[in-house]
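The following exercises ask the student to read a ligand site and one loop residue step by step. Each task is followed by a worked solution.

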Amino acid sequence: MKLFLDTANIDHVAEIASWGILDGVTTNPSLIAKEGKDFKETVLNMCDLVGCVSAQVTAEDFEGMKKQGEEYSGWHKHIVVKVPMTTEGLKALSSFRTKGIRTNTTLVFSLNQAILAAKAGANIISPFIGRLDDAGEEGMHLIADIMAAWKHYDFDTEVLVASVRHPDHIREAAILGAHICTLPYDVFLKLPKHPLTDTGLKKFLDDWEKYKK
Ligand code: G3P
């Protein structure tokens, strides 16, 4: 399973990348706006740290998405163009596929949307599970549906679990065989923790101190 960081904060990318387990970064316009830094510079700084950085188009029409996506993909080979799940987005995905531009389809909330994006040639699809949970649905059921459907076909589109809210989402996504999870920084910091690790280490070190005396 690949683990991505969902952020536009370069310090956070540097910290998690230093653990040696970070496979990529996903950004979106809200995350970029939150940090308030230059978009291109932010994305390029991240490309120096990880091999896969999703940069989202903000145009809503096909021509605009095409123009932005082609520009972004020329900035760095690590850039994946993120496209919203709309009919214009589908047209853009097909166009990017013919040009060999890697894509991630965002704002996927149903299996039918996932299938359309995969057929249009998306390299990655991003179902938003936390927002489904927030809306009173069970977001992880969508991942289960997509992974079950993927077994019947030969889509090579990777399923990226997005809008993650807590560590158990990663555990559930892994059991379902999702290819990628993108995690907010605070969730990433919780992943290595277990109280029995802390108490176990303390006992080892206390015993070591006694032994040395
Ligand atoms: O990667 C998509 C993600 O950023 C959405 O997360 O927490 O805004 O639902 P959230």
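**Exercise 1.** Determine which side chains make polar contacts with oxygen atoms of the ligand in this predicted model.

*Solution.* Begin with D6: an N or O atom of its side chain lies 2.5 Å from a ligand oxygen. Such a pair counts as a polar contact because its distance is within the cut-off of 3.5 Å. Continue with R165, where a side-chain N or O atom is 2.6 Å from an oxygen of the ligand. Finally, take N28, which places a polar side-chain atom 3.0 Å from a ligand oxygen.

**Exercise 2.** State how much of the ligand's area the protein buries.

*Solution.* The ligand taken alone exposes 310 Å². Of that area, the protein buries 81%. As to location, the ligand sits in the largest pocket.

**Exercise 3.** List the residues that surround the ligand and classify them.

*Solution.* The surrounding residues are D6, N28, F128, R131, A162, S163, R165 and T182. Sorted by character, this shell holds two nonpolar, three polar and three charged residues.

**Exercise 4.** Locate T27 and decide: is T27 buried or exposed?

*Solution.* First, find the position: T27 belongs to the loop between β2 (24-26) and α2 (29-35). Next, consider the relative accessibility of T27, which is 0%. Residues under 20% count as buried, and therefore T27 is buried. Lastly, examine the contact: the T27 side chain reaches the backbone oxygen of S54 at 2.6 Å.

Definitions and conventions:
Residues numbered from 1 in each chain as written. Predicted model: local features only at pLDDT ≥ 70, side-chain atom pairs only at ≥ 80, totals over all residues. Heavy atoms only, no water. Near = heavy atom within 4 Å. Polar contact = N/O pair within 3.5 Å; in protein donor to acceptor, adjacent residues only side chain to side chain. Areas by Shrake-Rupley, 256 points an atom, 1.4 Å probe, with all protein chains shown as cover. 1 Å grid on protein atoms, 1.4 Å probe; cavity = no way out; pocket = protein on both sides within 12 Å on 5 of 7 lines; lining within 4 Å. Sits in = over half its atoms within 2 Å of the grid points. Nonpolar A, V, L, I, M, F, W, Y, C, P; charged D, E, K, R; others polar. Helix = DSSP H or I, 4+ residues; strand = E, 2+ residues; numbered from the N terminus. Buried < 20%, exposed > 50% of the residue type's maximum accessible area, 1.4 Å probe, protein only.
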